[in-house]
Amino acid sequence: MHLYNTLTKKVEEFKPINPPEVKVYTCGPTVYDYPHIGNWFTFIRYDLLIRTLVSSGYKPKWVMNITDVGHLTSDADEGEDKLAKEAAKEGKTAWDIASFYSDYFITSLNKLNFIIPSQLTRATNHIAEQINLIQKLEAKGFTYRIDDGIYYDTSKFSKYGDFANLDLDEQQAGARIELNPQKKNPNDFALWKFSPREAKRDMEWDSPWGIGFPGWHIECSAMCMKYLGETVDIHCGGIDHIPIHHTNEIAQSEAVTGKPLANYWMHSNHILLEDQKISKSLGNTITIEDIETKGYSTETLRLLVAESHYRSQSKFRWDTIASANQRLVRYRNFAVRRFQQDGKTNLDAPDLISPMQDDLNTPQALANFEEFLSKAEDTNISKNSIETAIKLIDDLLGLQLSKTKNISQQQKALINDREKARNEKDWQRSDDLRHQLEKMNISLLDTPHGTIWQHIA
Ligand SMILES: [Zn+2]
């Protein structure tokens, strides 16, 4: 298996530390709102990675965090607390908001047929671990205290800019625009923020430095280390995590352990909506429910995600999801042939695993599947060949073709009646029956191997 590694900027052969186990850490949602379509593209790509590992014989141990403690509206430490802001807007506490959107997220993972991570870890359940890690950083001299919190001194970590190729000198020169003049270096970030003296926050905890709350980045370092150890095989996130969040995770973890946080870093590229960046502030977010309201299934969304490579910039458009849906209808109509056909021809199964093992080349996997479909559709294919192919694609892409249902006895009787009418050359009756079936979303296809029914949509 080969994966593109952001660390080395090359496609590399994947060698896990302790096969067949593969330790995977993925950065999860901040639960102050419904995840939008761009978030789901990234999360579905995590799931595709896990499925590929499983189909390749590995045993992934997958940890994803849930950021349920307020982190701030910018990735840096400025701006408002997103959770507190949403809580004030909805007239609830930050705890209510976090609990509602965490539950929603987990329900959605199931609805989208995710392989559920071995651990879904909430930041608020790991405050002690985060404090402990900050103490270790403090003991090693990586921290300093200013008015609003405990900060990480990035000048103490010599590799700080390496991961993201940051030009630190240039940033130092631009430091006069820095909002917090007490910070020693522009990239220094909060490990622990103090609660404001005049106000009580919904979410705050005691710490050796005073009442407050953890900075965003420290939760991933702490929970990753707790559940997966000092070095994981693969760490994933969105491409926008590279310059700040993942750079800071590396600085925190590696300063303490002296070991690589991850051997392979994978990043999902941006998703544009039409040609625009997707963001809540632009008001152009689309949720799973918006997609369902337009009549598309979650499998259609999965297929749409698979149509683009995770390292290319993808676009979400309503016409592209419509064409993904047409594709899915074709796949499902292949799957229902197993109820109607058991021919003599055994076809070689489509090769889906090789492209997936080649840096998750989902577009190539789909192309191989469709080449197989074109052959299969013209052939008196065996039921076994159909079942093998749909199991392969379900395992790798989670499309649930094997759940495509058979038609009812009553519908089968109508098809038989039409067959009889045709044999008796009663064309009027044959047409009437065909129309009756079309109203039930069933179309008929007369092939050299007999009449085949299909779902229209
Ligand atoms: Zn993270």
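A hairpin of 2 residues links strand 6 to strand 7, and this small connection is a handy place to enter the structure, which is a predicted model. Strand 6 covers residues 143–146 and strand 7 covers residues 149–152, and the two are paired in the antiparallel sense over 4 bridges. Within this pairing, Y144 has Y151 of strand 7 as its bridge partner.

From strand 7 the pairing can be followed onward. Strand 7 and strand 8 (residues 189–194) run antiparallel and are joined by 4 bridges. Here G149 is found opposite K193 of strand 8, while I150 stands opposite W192. Strand 8 in turn pairs with strand 9 (residues 212–214), again in the antiparallel sense, over 3 bridges. For W192, the bridge partner in strand 9 is P214. W192 is thus placed opposite I150 and is also bridged to P214. Strand 8 is mostly covered, with 6 of its 6 residues buried.

The hairpin region also receives a visitor from the loop between helix 5 (168–173) and strand 8, where Q182 is located. Setting aside residues up to four places away in sequence, Q182 touches Y144, I146 and D147. One of these meetings is polar: a polar atom of the Q182 side chain lies 2.9 Å from the backbone nitrogen of D147. Q182 and R145 are 37 residues apart in sequence, and their C-alpha atoms are 9.4 Å apart in space. Q182 has a relative accessible area of 34%, and therefore counts as partly exposed, since that class lies between the 20% limit for buried and the 50% limit for exposed.

Attention now turns to the metal site. The zinc ion is coordinated by SG of C27, SG of C220, NE2 of H245 and OE of E249, at 2.0 to 2.4 Å. Along the sequence, these donor residues follow the spacing C-x192-C-x24-H-x3-E. The angles among the 4 donor atoms run from 77 to 131 degrees, and the site is classed as irregular. The reason is that a tetrahedral site needs all angles between 85 and 135 degrees, and the 77 degrees at the lower end of the range in this site falls outside those bounds.

Two of the zinc donors come from one helix. H245 and E249 are 4 residues apart in helix 7, and so they are separated by about one helical turn. In general, an α-helix has 3.6 residues a turn, so residues three or four places apart point the same way. H245 counts as buried because its relative accessibility is 0%, and E249 is likewise buried because its relative accessibility is 0%.

Helix 7 spans residues 242–257 and also contains E254. With 10% relative accessibility, E254 counts as buried, since the limit for that class is 20%. The side chain of E254 makes a polar contact with the side chain of K159, at 2.9 Å. Beyond the neighbours within four places in sequence, E254 is in contact with F157, K159, K259, P260 and L261.

A further sheet is open and consists of 3 strands in the order 13-12-14, with mixed pairing. Strand 13 (276–277) and strand 14 (314–316) stand at its edges, and because each has a single partner strand, one side of each is left without a neighbour in the sheet. Strand 12 (residues 271–273) is paired with strand 13 in the antiparallel sense over 2 bridges. In this pair, L273 has Q276 of strand 13 as its bridge partner.

Helix 9, made up of residues 298–306, is mostly covered, as 9 of its 9 residues are buried. Among them are the charged residues E299 and R302, together with L301, L303, L304 and V305.

Finally, the overall layout can be described. The protein is divided into domain 1 (2–282), domain 2 (294–403) and domain 3 (409–455). Between domain 1 and domain 2, the C-alpha centres lie 34 Å apart. The contact between these two takes 29 residues from domain 1 and 29 residues from domain 2.

Key:
Residues numbered from 1 in each chain as written. Predicted model: local features only at pLDDT ≥ 70, side-chain atom pairs only at ≥ 80, totals over all residues. Heavy atoms only, no water. Buried < 20%, exposed > 50% of the residue type's maximum accessible area, 1.4 Å probe, protein only. Polar contact = N/O pair within 3.5 Å; in protein donor to acceptor, adjacent residues only side chain to side chain. Contact = heavy atoms within 4.5 Å. Pairing = 2+ DSSP bridges. Donors = N, O, S within 2.8 Å, 3.2 Å for Na, K, Ca; no water. Tetrahedral: all angles 85-135°; square planar, octahedral: opposite > 155°, others 65-115°. Domains from an automatic or database assignment.
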